[in-house]
Amino acid sequence: MASDETMSDGEQFFEGVEKLLEIWFTTSDGNDKISDLRKIPRCKLESLLKIVRCEIISSVTNEHVDAYVLSESSMFVSKRRFILKTCGTTTPLLCLEPLLLLAEQYAAFTEVEDLFYSRKNYKRPDLQVSPHQHFDQEVALLDTLFPDGAAYCLGAINRDCWYLYTLNPAIHRGRQRPLLSTTDADQTLEILMTDLDPEIMSIFTKEDCLNGTEATKKSGIDKIIPNMTIDDYLFEPCGYSMNGISKNSYNDVLDGYYMTIHITPELEFSYVSFETNVPASSYKDVIGKVLETFHPGKFTVTVFTKQLSPTKDTSKELLCLNQINNKWNRRDVQQINFKNYDLIYAFYTKFPS
């Protein structure tokens with residue numbers, strides 16, 4: 001996100017599509033009272049990110065989560081959940097083995113309870129670095145570390161699609177895989193947008209705004225989810241990243257609420273991602289706010305919910321949501337039921353003008 005890549009023919013290009021890695025850790029005996037990923041020293045996290053080919057720009061924290069804006073997207077570290085979301089030609093899967101060692105050495109976590117690796121299909125997969133050029137390569141690497149993994153592709157494989165790798169919910173190291181803690185009523189909404197409105201995208205350039213704060217307010221990003229401490233950054237000459245973490249304390253949520261937005265504004269390959277784990281009484285309303293903020297030509301929506309999630313029923317709105325705001329038409333919808341989570345995927349395109 002920091003800068004475009006120059007092709008041999010002089011063409012400028014940046015891959016906005018992120019690779020999203022989320023890991024939930026636990027201990028072999030289930031007693032993780034003293035375990036905490038935030039005990040990993042920042043210098044160790046910085047060394048980890050060198051493997052990924054990115055670096056920390058800024059950070060904010062509350063009692064539940066440390067949120068880092070990176071040169072290529074974001075990282076969130078909480079008690080037992082680690083999230084790394086990176087764009088461009090980053091290599092997040094190469095940091096997995098070192099991360100597992102750090103989690104055991106500093107946080108006393110000996111088990112991976114659940115894992116999710118996902119991404120949209122790239123615009124220019126030929127520019128990626130191994131093992132991220134093809135999903136098959138990524139799956140092969142993940143399988144060496146997690147022999148009980150399962151890979152999925154949702155959507156049309158010859159058009160816009162979304163890849164997911166997660167752990168087989170049945171067996172882990174010869175025994176039943178444990179359910180995620182019942183106190184973690186987890187849910188995640190992600191919206192991946194392309195073909196963005198040029199006028200809106202111009203906000204996220206140094207020609208239009210001086211800094212991230214100005215771009216956040218001018219675009220209305222600060223109004224999408226209220227009560228957030230926002231850490232934002234406007235890149236030179238263009239590009240934008242923000243993390244938001246909840247200002248409120250939620251005693252029943254062990255790993256904290258967050259939102260994150262990343263923007264590649266160049267018209268030829270414009271891309272915006274939005275992600276949050278904040279529960280909502282209606283995901284339709286949240287999705288509508290995001291779409292009216294950015295006006296994409298097309299987008300994918302994914303919603304993960306757990307059995308105890310307060311949004312378990314509201315997430316099913318997508319199954320009936322054929323149109324949104326009379327501007328976007330649903331082209332595809334799929335549902336998968338895992339042991340710990342339910343997943344809904346949908347793809348929408350804008351009505352012709």
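Q: Which residues are in contact with Met75, leaving aside its neighbours within four places in sequence?
A: Contact means heavy atoms within 4.5 Å, and on that basis Met75, its neighbours within four places in sequence being left aside, is in contact with Leu45, Leu49, Ile56, Asp66, Ala67, Tyr68, Leu70, Phe82, Ile83 and Leu84. The model is predicted, and local features need pLDDT of at least 70, side-chain atom pairs count only at pLDDT 80 or more, while totals for chains, interfaces and linings use all residues. Residues are numbered from 1 along each chain as its sequence is written, and side-chain values use heavy atoms, with hydrogens and water left out.

Q: What makes strand E6 largely enclosed by the rest of the structure?
A: A residue is buried under 20% relative accessible area, exposed over 50% and partly exposed in between, with a 1.4 Å probe and protein chains only. In strand E6 (residues 73-78), 6 of the 6 residues are buried, so this strand is largely enclosed by the rest of the structure.

Q: How do you know that E6 is joined to strand E7 (residues 81-86)?
A: Strands (at least two residues) and helices (at least four) are DSSP runs numbered from the N terminus, and two strands pair if DSSP finds at least two bridges between them. E6 and strand E7 are joined by 4 bridges and run antiparallel, so the pair satisfies the requirement of at least two bridges. Val77 stands opposite Phe82 in E7, and 2 residues lie between E6 and E7 in their hairpin. Strand E5 (residues 65-70) is likewise antiparallel to E6, with 6 bridges joining them.

Q: Which members of the largest nonpolar core touch the most other members?
A: A nonpolar core is a set of buried Ala, Val, Leu, Ile, Met, Phe, Trp, Tyr and Cys residues joined through side-chain atoms within 4.5 Å. Of the 53 residues in the largest such core, Phe25, Leu37, Met75, Phe82 and Leu115 touch the most other members. Strand E10 (residues 161-167) gives the most to this core, with 6 residues, and a second, separate core of 41 residues includes Met193, Ile225, Val290 and Leu291.

Q: Why is the contact between Glu138 and Arg119 called a salt bridge?
A: A salt bridge is a side-chain nitrogen of Lys or Arg within 4 Å of a carboxyl oxygen of Asp or Glu. The side chains of Glu138 and Arg119 meet at 3.0 Å, N to O, which is within the limit of 4 Å and therefore qualifies. The pair links distant parts of the chain, with Glu138 in helix H3 (residues 135-145) and Arg119 in strand E8 (residues 111-120), 19 residues apart.

Q: Is Glu138 buried or exposed, and what value shows this?
A: Glu138 has a relative accessible area of 0% and is buried, and its partner Arg119, at 3% relative accessibility, also counts as buried. In another salt bridge, where Arg124 and Asp126 meet at 3.1 Å, N to O, Arg124 is partly exposed at 22% and Asp126 is partly exposed at 48%.

Q: Why is one side of strand E14 (228-234) and of strand E19 (323-324) left without a neighbour in the sheet?
A: The open sheet of 9 strands has antiparallel pairing and the order E14-E15-E16-E17-E13-E18-E21-E20-E19. E14 and E19 stand at the edges of this sheet, each with a single partner strand, so one side of each has no neighbour in the sheet.
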